[in-house]
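Me: I'm new to reading structures. Could you take a close look at the pocket in this one and at the helices beside it?

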Amino acid sequence: HSIHYHRVDVLTRQMQLAMRPPAKRETLMEPPLMEEPPSKEAIEHELRENAQSILGYVVRWIDMGIGCSKVPDLSNVGLMEDRATLRISSQLMANWIHH
């Protein structure tokens, strides 16, 4: 999120990244896999976070007519939510429930 740019010297970091050797195509195309399945508690937490995101956005959209708004997560960190992130959260929830 945008706070990241206040905590990191972006120009210095970009220069550091430019100096490293290029990544191999094979490495980029290999998806990271989990070593073990997440715990039931971790899955429930992710479901709650996504539900919070969806409900927080929908309330602001319907009640206030705001299309993009700051929605607090379960740790009370304000995240920018809009229709696109609403769709992502809903798909993540569908995936967690399905799998």
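**A close look at the largest pocket**

Reply: Happy to! The largest pocket holds about 170 Å³ of space, and please keep in mind that this is a predicted model. Its lining is made by 14 residues, and those closest to the centre are Glu 49, Ser 53, Leu 79, Glu 81 and Ser 89. Which elements give two or more residues to that lining? They are the helices α4 and α5 together with the strands β1 (69–72) and β2 (78–81). The largest share, five residues, comes from α4. By character, the lining divides into five nonpolar, five polar and four charged residues.

Now for the two helices. A pair of packed helices can be described by the angle between their axes and the distance between those axes. Here, α4 spans residues 40–64 and α5 spans residues 83–98; they pack at an angle of about 150°, with their axes 9 Å apart. Angles over 145 degrees count as roughly antiparallel, so α4 is roughly antiparallel to α5. The crossing of the two helices is left-handed.

To find their contact in the structure, start on α4 with Ile 43, Glu 46, Leu 47, Asn 50, Ala 51, Ser 53, Ile 54, Tyr 57 and Val 58. From α5, the partners are Arg 83, Leu 86, Ser 89, Ser 90, Leu 92, Met 93, Trp 96 and Ile 97. These contact residues divide into 11 nonpolar, four polar and two charged. Two names may look familiar: Ser 53 and Ser 89 take part in the helix contact, and both are also among the residues closest to the centre of the pocket.

Notes
Residues are numbered from 1 along each chain as its sequence is written. This is a predicted model: local features need pLDDT of at least 70, side-chain atom pairs count only at pLDDT 80 or more; totals for chains, interfaces and linings use all residues. Side-chain values use heavy atoms; hydrogens and water are left out. Axes are lines fitted to C-alpha atoms, for helices over the stretch in contact, and angles run from 0 to 180 degrees between N-to-C directions. Helices (H or I, at least four residues) and strands (E, at least two) are DSSP runs, numbered from the N terminus. Angles under 35 degrees count as roughly parallel, over 145 as roughly antiparallel, 65 to 115 as roughly perpendicular and the rest as oblique. A crossing is left-handed if the near helix is turned anticlockwise from the far one by less than a right angle, and right-handed if clockwise. Contact means heavy atoms within 4.5 Å. Ala, Val, Leu, Ile, Met, Phe, Trp, Tyr, Cys and Pro count as nonpolar, Asp, Glu, Lys and Arg as charged, and the others, Gly among them, as polar. On a 1 Å grid over the protein atoms alone, a cavity is a set of points where a 1.4 Å probe fits but cannot get out, and a pocket is an open set with protein on both sides within 12 Å along at least five of seven lines; lining residues have an atom within 4 Å of a point. Grid points are joined across faces, edges and corners, and a volume is the space filled by probe spheres set on the points.
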